[in-house]
Amino acid sequence: MLRLAIQKKGRLSEDSLQLIKACGISYPKLKNRLTATAYNFPIQILYLRDDDIPKYVADGVADIGIVGENEVLEQNQIVSTIEELRFSKCRLCIAIPREMTYNGLKDLNGKNIATSYPTILTDFLEKENLNCNIQEITGSVEIGPSIGLSDAIFDIVSSGSTLLSNGLKEVATVMKSQALLLANPNLSDEQQAILDKLQFRIQAVLAAKKRKYISLNVPNDKIEAVTNVLPGVRSPSIMPLAKGDWSSLHSVIDEDDFWEVIDQIKAAGGEGILVVPIEKMIL
Ligand code: PRT
Ligand code: ZN
């Protein structure tokens with residue numbers, strides 16, 4: 001049995017549970033739950049505060065965990081990163097009041113910076129040879145300057161609207177973050193085997209999310225031109241249509257290249273393009 005720590009309630013919870021579900025793992029959904037043992041996979045879910053997850057995994061109270069990279073760096077615990085999970089993406093930034101003059105990092109020298117991430121900030125300031133006073137607070141960091149607590153803040157930014165509504169502007173991105181799957185570095189062979197099985201499923205889910213299945217019709221004399229712009233897992237499958245000199249092409253494309261590839265396919269002579277989500281993808 002592998003104990004998996006996830007956030008009980010917050011921004012990571014829903015995506016963490018959705019990933020477990022997408023891996024085909026089902027578990028009892030009880031209100032005010034603290035733990036849940038999966039019905040069809042040897043894991044027990046522990047519901048915790050995200051701040052506690054790196055330490056619990058490092059101490060072996062949990063064997064694996066899902067938590068933001070920012071929290072892993074801040075807690076500075078000895079854990080192994082198994083997989084980047086591509087959700088809860090955000091960045092940690094230094095922001096200052098909009099009216100403050102700013103010509104570069106050196107303008108932060110001697111300033112008070114409010115943050116809930118003192119370790120990450122200290123490392124950054126040392127690296128940049130800056131001398132600032134860090135005001136450690138646990139929440140509502142963005143009101144620091146307006147209540148006279150600090151000159152600047154160091155906090156998580158996602159859309160940027162919280163900074164905007166508090167009259168702040170971003171001046172430095174210190175790190176980017178996303179959810180990570182962590183593991184205790186000393187798992188037993190049995191536990192490692194369960195983790196390998198889970199990781200295999202997670203990779204299939206992530207690979208599928210990143211890609212789309214595409215099918216389209218092409219006149220036979222344009223197959224080569226369309227194939228050239230259509231990267232497949234290996235190369236596209238081609239099937240003759242029942243009528244005429246046409247074929248149907250099937251392939252997989254990357255979400256990131258999606259619109260560009262579609263434009264190129266149309267220009268090369270592709271028609272009747274169908275794009276469908278993929279549920280799992282085993283490479
Ligand atoms: O109760 P518990 O301790 O478990 O949760 P928490 O309140 O400490 O954490 P939670 O649920 O707020 O966030 C968990 C993790 O989600 C963080 O550690 C990040 O890794 C990630 N994450 C992603 C975010 C955001 N996006 C985010 N936007 N965490 C916080 N925010 C906050 C930010 O602090 C700021 O107040 O959202 C505001 C900024 O958002 P924008 O969109 O206005 O820029
Ligand atoms: Zn927290």
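## Between domains 1 and 2

In this predicted model, the rule turns up zero salt bridges across the interface of domain 1 and domain 2. What the rule does find there is six residue pairs in polar contact, with both partners at pLDDT 80 or more. Domain 1 and domain 2 together bury about 690 Å² at this interface, and carbon and sulfur atoms give 53% of that area.

The contact draws on seven residues from domain 1 and ten residues from domain 2. On the domain 1 side, N70, L73 and E74 lose the most area to domain 2, and together they account for 73% of what that side buries. Helix α3 (residues 69-75) is the top contributor to this side, giving five residues.

## How the chain is split

The domain assignment cuts the chain into three pieces: domain 1 (2-87 + 178-208), domain 2 (90-177) and domain 3 (211-277). Note that domain 1 is written as two stretches, 2-87 and 178-208, with domain 2 covering 90-177. Measuring centre to centre is a job for the C-alpha atoms: those of domain 1 and domain 2 have centres 30 Å apart.

## The main nonpolar core

The largest nonpolar core has 41 residues, and I43, I66 and L85 are the members that touch the most others. Quite a few elements chip in with at least two residues each: strands β1 (2-7), β3 (43-48), β4 (64-68) and β11 (179-183), plus helices α1 (13-22), α2 (53-59) and α6 (189-210). Of these, α6 gives the most, with six residues.

So what does I66 actually touch, once neighbours within four places in sequence are set aside? The contacts of I66 include L4, A5, I6 and Q7, along with S16, L19 and I53. L85 and F87 are also in contact with I66, as are A179, L180 and L181.

There is also a second, separate core, made of 17 residues. Among its members are L92, I94, F124 and C132.

## Salt bridges

The structure holds eight salt bridges, and three of them are picked out here.

One joins E170 and R91, with the closest N and O atoms 3.0 Å apart. E170 sits in strand β10 (residues 168-177) and R91 in strand β6 (residues 90-97), so this pair ties together parts that are 79 residues apart in sequence. How exposed are the two partners? E170 counts as partly exposed because its relative accessibility is 32%, and R91 falls in the partly exposed class too, at 23%.

Another pairs R49 with D51, where the closest N and O atoms are 3.3 Å apart. R49 has 58% relative accessibility and therefore counts as exposed, whereas D51, at 27%, counts as partly exposed. The third brings the side chains of D107 and K106 together at 3.9 Å, N to O. D107 is partly exposed at 21% relative accessibility, while K106 reaches 57% and so counts as exposed. With the cut-off for buried set at under 20%, D107 at 21% relative accessibility is classed as partly exposed.

Technical notes: Residues are numbered from 1 along each chain as its sequence is written. Chains are lettered from A and ligands numbered from 1 in the order in which they are written. This is a predicted model: local features need pLDDT of at least 70, side-chain atom pairs count only at pLDDT 80 or more; totals for chains, interfaces and linings use all residues. Side-chain values use heavy atoms; hydrogens and water are left out. A nonpolar core is a set of buried Ala, Val, Leu, Ile, Met, Phe, Trp, Tyr and Cys residues joined through side-chain atoms within 4.5 Å. Buried means under 20% relative accessible area, exposed over 50%, partly exposed in between (1.4 Å probe, protein chains only). Helices (H or I, at least four residues) and strands (E, at least two) are DSSP runs, numbered from the N terminus. Contact means heavy atoms within 4.5 Å. Domain bounds come from an automatic or database domain assignment. Buried area is the accessible area (1.4 Å probe) that two parts lose on being put together, summed over both. A salt bridge is a side-chain nitrogen of Lys or Arg within 4 Å of a carboxyl oxygen of Asp or Glu. A polar contact is a pair of N or O atoms within 3.5 Å; within protein, one must be able to donate a hydrogen and the other to accept it, and residues adjacent in sequence count only if both atoms are side-chain atoms.
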